[in-house]
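User: I would like a close look at one helix in this model, with enough of the surroundings to see how it fits into the whole. Please take it step by step.

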Amino acid sequence: MALPVEEWRLYSARRWAALEPPLRERLAAAAAAASLPEMLRLGCGFLRPEADADAAALRRLSLRTPAGKEPAAARSYREEGNRLFGRRRYAAALRLYSQAASHELPGSPEVAVCFANRSAALFHLGCFEVCLEDIARAESHGYPDRLLPKVLLRKAECLLCLGRLQDAADTLSVVENKLTMDGILTSPAHQTLLKKLSQLKIKLHEKESLPEPTREACGDSQTQLEVWEENDNISGASSSLSLNFDLERGRHLVASQDILPGQSLLKEEAFVSVLCPGESLLLQDSSGTAWDTRVTNADLYCHHCLRQLLASLPCRGCSYAKYCSQNCADVAWERYHRTECSLGALLLTLGVFCHVALRTVLLAGFAEVCRLVEWSHDGDKDLHNPEARCKHLTEAPDTRADTRDIPGCNDNGQYQSSYQAVFNLLPHTEKHSPEHKFLCMLSVVTICKQLQEAGLEAAVLNQESSEKLSKPKTCEKTSGELSPELKTVAEAMLRHMLQLQCNAQAITVMQELGSGDGAVVNKKPVRLATAFFPVLSLLNHSCCPNTSLSFSGTAVTVRASQPIPSGQEIFHCYGPHRCRMKVAERQQLLSQYFFECHCQACLDESESDVKSVMSMRNSFCCPSCQAPMQVGEGMLCCSNEVCAISVSRENLSRRLQDLQQQIKEALELLRDRKADQAIQMLLKCQVDAGNFLSPEHLLMGEMEDHLAQVYATLGKWQEAAKHLERSIEIVEMHHGPSSVEIGHELFKLAQILFNGFAVSKALSTIQRAEEILSVHCGPQSTQIQELQEMKACLSELPRSILQRT
């Protein structure tokens, strides 16, 4: 979650209410004046008498989210993994072995056992390269010598599958020598190993006798390189953009030339990103144990680069942080995790925003943090009123004449993806509620107090000596008081926590639903991490944007989703798209950003007094005659004058909730491999929905999508395609024929048609899906590559077959 856990928010509210009224008024006045230094000075004074109580309360709350090593948990996870492995649930077993490894103490022989067990699951999943990596880890962590032959035989079999025959032969020789030297060759275990060794030697001999396959030259015909000319003044941006400023729109990007759909406009690496745990997913077939066997994003993605994990490498100090490689683990440790490692449970309790704020200052380095905090105190630099600083820009004949005074630009007028740019993002200090600012301040001061008490201050200050700092060494701090350096850090963190409400960017990923082992992959977008992208933050909001975002690890790419003529502003949607909610709901959601949206979509809906496309197609219909229901306050009336039936909104909303619950139960049946029962329940839901929902309601499309999924699991491709095509019709009505949503649906339809051998329709669907997804996701996206593979496979079929299908 972005903000702290509810209990800490309630604790903060009680602390705020308990303040003496004069003190509370002084603190609120400092906040209203947007004076972060004064807020922090007053706050530290108010908080100091109860600092120990605050820290103790936070530690109590953090006990619910332990992040330390726990050998008992490791044993439980390993045993559960062994049970599932025995049932051939290899993917679930793999996750449990990873959880076990993350809880083992560093250097213990049990870690090697976890890696060896996980290598077995990887082997059965056909992940031979990663299996070899885990075998190497098991060996390097001191895997018991008596058990080594079995693991080495697995290694040899992996090498054979990968065609590395000489390495396989060398490994088999090592195994043979070990078994011979062991002496007791008559035991059943040894006889099994010898039999396996003999089988692999025969397999090796057969492979060696086969002629070496001819390797075709790998051409670049499939690789589409994007034309890219970087902007001289905006890091990561295309030369087709310019940075402008005016009093109404603030900093913003404008097209300096005509831009085509699909053209890349911005490629930026996050300045900082923190993985969000996300929703817990229960491992399939996992039995009840004393320890939580659910998996979250924290188990599925690298905590540094955000790449998807197959076999995670755990941090040596905590059970929470997991990495895709030793390199990511080392880089994370050096840059920030050595400070965060022992604070994992506290940071999880304080929420992602607090975690991002801490990591931001760690990545920036104390010298740069100190420089900018001091600069913000300078009376000549009004950081909280950039409009005043830039007023002369709006008065000049050419607003692009000089960008040096635009907040975030360096002395050369360049806007870079730097800490200076992050620091200059607006915190809107005067617009946050006093209670919210107090919560942020209490969280920041408490975590800085923990850093000081845990002896981590030197790490936060990048281990610089006091002589290297711009400030002279101050006198010894009093008990319970933060050091001057940590107060500087706390002020920067408080600023970043306030900035995040308006400038946090969610990094999203298309995540597979279910086990992911079906012929048709069903995915949904999920929030993976929260990040600062200072250049991306230049884009203003529109409920109907002209760009589309895609993510790869910690990097974002912004592409034009429609033609953008020269002079038009570049817009990004902050979340409430016109296709997903009504204008009033959008305005309410956008209030968190402290502005009222006046984009063209909102103006059109507000001024026309006509129902939005979204509300028309997500409306109720008359239970009697199926005519549209007219919107009222508490009652909805049938638009058919002959019918004139009235139904309470509450009644229809309750029916909708019941229907959604039945759909959820149908999907549970599908997960339990009860496809026939799932179909019957979904068909009944369709009939019920037709009695009170518009035929174009999004839920009608979702039910068609679910039915397609069930029929696909049964291999009934024609039936699946029919239902998915009806779903696509509804999605297209809501989101448009060129939307990314349609692209994802067409991708699924292409998979179904491909598996059903409907060659002609599959090829046309692939072509349309490629055209749409290449605009939104780029030619190098995973989905585009899969579509091209399907197309190549179908195109190689004999002409006689192509003509019949």
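Which residues are buried in H2?

Analyst: This is a predicted model, and within it the buried residues of H2 are Leu27, Ala30 and Ala31. The helix itself runs over residues 21-32, and its 12 residues reach 16 Å from the first C-alpha to the last, close to the 16 Å expected at 1.5 Å a residue. Viewed down the axis of H2, the buried residues fall within an arc of 100°, so they line one face of the helix. A general point helps in reading this pattern: an α-helix has 3.6 residues a turn, so residues three or four places apart point the same way. The face of H2 turned away from that buried side carries Glu25 and Ala32, which are exposed.

As for what the buried side meets, the buried residues of H2 pack against helix H1 (6-18), helix H3 (36-47) and H20. Just after H2, Ala34 takes a positive phi of about 60°.

Two of these partners lead on to the wider interior. H20 spans residues 434-453 and gives 10 residues, the largest share, to the largest nonpolar core, a core of 117 residues in which Trp8, Tyr419, Val489, Met493 and Ile570 have the most contacts. Trp8, whose number falls within the 6-18 range of H1, touches Leu439, Leu442, Ser443 and Thr446 among others, and its contacts also include Asp54, Ala57, Leu58, Leu61 and Leu350, with residues up to four places away in sequence left out of the list. Separate from this core is a second one of 56 residues, which includes Leu669, Ala678, Ala720 and Ile730. In general, nonpolar side chains tend to be buried together in soluble globular proteins.

For the setting as a whole, the protein chain has 33 helices and 15 strands, and buried residues make up 50% of its 805 residues. Among contacts between residues at least 6 apart in sequence, 66% join residues at least 24 apart. The chain exposes about 38400 Å², of which carbon and sulfur atoms supply 51%.

A strand offers a useful contrast to the two faces of H2: in E2 (residues 250-255), six of the six residues are buried, so this strand is largely enclosed by the rest of the structure. E2 pairs with strand E1 (residues 241-246) in the antiparallel sense over six bridges, and the two form a hairpin with three residues between them. Within that pairing, Asp246 stands opposite Gly250 in E2.

How values were computed: Residues numbered from 1 in each chain as written. Predicted model: local features only at pLDDT ≥ 70, side-chain atom pairs only at ≥ 80, totals over all residues. Heavy atoms only, no water. Core = buried A, V, L, I, M, F, W, Y, C linked by side-chain atoms within 4.5 Å. Buried < 20%, exposed > 50% of the residue type's maximum accessible area, 1.4 Å probe, protein only. Helix = DSSP H or I, 4+ residues; strand = E, 2+ residues; numbered from the N terminus. Contact = heavy atoms within 4.5 Å. Areas by Shrake-Rupley, 256 points an atom, 1.4 Å probe, with all protein chains shown as cover. Expected span 1.5 Å × (residues − 1). Arc of directions from axis to C-beta. Pairing = 2+ DSSP bridges.
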